Amino acid sequence: MTYWNDSLKNGSGPAYHRLADAINQAATDGTLLPGTRLPPQRELSFQLGVSIGTVTRAYDLATRRGDVRAIVGKGTFVAKPSDKGPTNLRINLPADVGQGVELAEALSRRAADEFLSYIPFGGSQADQEAGQCYLKLGGADNLPGDLIVTAGGQHAFTTASMVATKPGDLILCEPFSFGGFLDFAKATDRRVMAIPADNKGIKPAAFEQLCAKHRPAAAFLMPTAQNPTGTTLPPNRRKAIAKSAITHNVMLIEDGLYDPFAETPLAPLITLAPEHTFYIGSLSKTLVPGLRVGYLSCPPKMRDAANDLQHLLGMGPPQAMANIATELMESGAIARLVGKQRKEISWRHTLANEVLGQHPAKGIVAAPHYWLPLPKFWTPEAFVAAAETEGVLISPASHFAVQTPSAHVRLALGAAPNRAILEEKLKALAGLLAHPPSRTGRSV
Ligand SMILES: Cc1ncc(COP(=O)(O)O)c(C=O)c1O
């Protein structure tokens, strides 16, 4: 295990993370064959001159990544393909860029009394200020009025949508939209209608026409790194859409969860139509979803109603989680981790382009989700089923379609446990793309 010693001496970042990376490397490049037993933790800590806690955390991380498997009473073994199960690229998760360390440390500092109370109504002053700083990372600056600290993005947009609309109302949205929003609309009896879009996002002229003709109450939009299509609305379209919203008194529910993925932030709609926009941010895609911390900015005249409603819908995150977010914001850790996440996703995006043979237009934001067009001989459903047999779970376009389906599938690039597994799975998908589906399973 001398090479582990080298990676511990020479690498950067916490020792346990470097050790888990070295295990991953050895398991991926074949230095350690599947089924090989790793040394007992105490023995390895002695050999490497690190604490046993470091080895335990490294083995835990390697287990979570699927690189090793612990068998009670027997030890820890390099995972075999049959141990690993499929790689789930259906859920948009942030890539592991080491955020676990900062979170674990912040969690270990929590005092019991942080759990003894509720979060103050709308969030404490410090948490709201941390939220303002976080939203600035995505370009949302000088927001009108106080923020509301929410239990993530879903809580925030549900609150905004219920304040901005009532049952029976029409909400416009992109032709392919976030499933959580579509489920919300269905469950609460809001009608949805797709705004025609192209590879730059929704078309302003079409938005203007729909506003004039159908008198929608609101529009739910993701202008940057739209989920699932990855399109980013250029500034001139943003201006035109904000203008139509003001003219027709349509409330914009701007889901800005992916705004921090832009290297140079674009002005969000809320900065262009502050009296008509609810703006939503969350740490779920840039840091971790498990904290359940998000932020909602409201048009000032609707802030009180939104705050009452968010309280009714769940009261916001646990205070301890809001405190962790605020502490990591104040220390600069979140800004640093967001930068790392953006870089990692951009790297994964380039890899996906190379392996899958896509050539997206230059200058777009590298989204953590990848909207893959399929050749004519594949339907999305057949491709998803074939991908599953290759050990990779992906989503068909129908999961996001508002009205018309499309020959695409969505891959959540951040959800792969590491780059090597992502590459292996992308290559398996590229293999499928190259040939029509096999007909051998056909019924006769
Ligand atoms: C566009 C969009 N909005 C909101 C959410 C929900 O975010 P949260 O986990 O913060 O509730 C997601 C999660 O996938 C999303 O993609």
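Colleague: Which of the 14 residues around the ligand come nearest?

Modeller: This is a predicted model. In it, Gly152, Gly153, Gln154, Ser282 and Ser284 come nearest among the 14 residues around the ligand.

Colleague: Which helix gives the most residues to the shell around the ligand?

Modeller: Helix H8, residues 152–164, gives the most, with 3 residues.

Colleague: How does the shell around the ligand divide by class?

Modeller: The shell has 9 polar residues, 4 nonpolar residues and 1 charged residue.

Colleague: Let us turn to the overall layout. Into which domains is the protein chain divided?

Modeller: Domain 1 covers 2–85, domain 2 covers 101–333, and domain 3 covers 341–433. Between the centres of domain 2 and domain 3, taken over C-alpha atoms, there are 26 Å. Their contact takes 23 residues from domain 2 and 21 residues from domain 3.

Colleague: Which elements each supply at least two residues of the side of domain 2 that touches domain 3?

Modeller: Helix H9 (179–187) and strand E6 (191–194) each do so. By class, that side of domain 2 comprises 12 nonpolar, 9 polar and 2 charged residues.

Colleague: I should now like to read the interior. Which residues have the most contacts inside the largest nonpolar core?

Modeller: They are Ala160, Ala219, Leu252, Ile253, Phe278, Leu296 and Ala325, in a core of 99 residues. Helix H14, residues 319–330, provides the largest share of this core, namely 6 residues. At least three residues of the core come from domain 2 (101–333), and at least three from domain 3 (341–433).

Colleague: What does alanine 325 touch, not counting residues up to four places away in sequence?

Modeller: Alanine 325 touches Ala130, Leu283, Leu291 and Val293 on that basis. Another core, of 18 residues, lies apart from the largest one and includes Leu19, Ala22, Ala58 and Ala62.

Colleague: How should strands be read in general, and how do strand E1 and strand E2 run?

Modeller: In a regular strand, side chains alternate between the two faces of the sheet. Here, strand E1 (residues 68–71) and strand E2 (residues 75–78) run antiparallel and are joined by 4 bridges. Isoleucine 71 in the pairing stands opposite glycine 75 of E2.

Colleague: How many residues lie between E1 and E2 in the hairpin?

Modeller: There are 3 residues between them, and glycine 73 in the turn has a positive phi of about 80°.

Colleague: Which residues does the cis peptide bond join?

Modeller: The cis peptide bond joins asparagine 227 and proline 228, with omega about 20°. Proline 228 belongs to the loop between strand E9 (218–221) and helix H11 (235–248).

Colleague: Where is asparagine 142, and what is its phi?

Modeller: Asparagine 142 lies in the loop between helix H7 (125–136) and strand E4 (148–150). Its phi is positive, about 50°, although asparagine 142 is not a glycine.

Colleague: Is asparagine 142 buried or exposed, and why?

Modeller: A residue is exposed if 12 or fewer other C-beta atoms lie within 10 Å of its own. Asparagine 142 counts as exposed because it has 9 C-beta neighbours inside 10 Å.

Colleague: Is arginine 292 buried or exposed?

Modeller: Being buried requires 20 or more other C-beta atoms within 10 Å. Arginine 292 has 22 of them within that distance, and is therefore buried. Arginine 292 is placed in the loop between strand E11 (277–282) and strand E12 (294–297). Its phi is near 55°, a positive value in a residue other than glycine.

How values were computed:
Residues are numbered from 1 along each chain as its sequence is written. This is a predicted model: local features need pLDDT of at least 70, side-chain atom pairs count only at pLDDT 80 or more; totals for chains, interfaces and linings use all residues. Domain bounds come from an automatic or database domain assignment. Two residues are in contact if their C-beta atoms, placed from the backbone, lie within 7 Å. Ala, Val, Leu, Ile, Met, Phe, Trp, Tyr, Cys and Pro count as nonpolar, Asp, Glu, Lys and Arg as charged, and the others, Gly among them, as polar. A residue is near a molecule or strand if its C-beta atom, placed from the backbone, lies within 6 Å of it. Two strands pair if DSSP finds at least two bridges between them. A nonpolar core is a set of buried Ala, Val, Leu, Ile, Met, Phe, Trp, Tyr and Cys residues joined through C-beta atoms within 7 Å.
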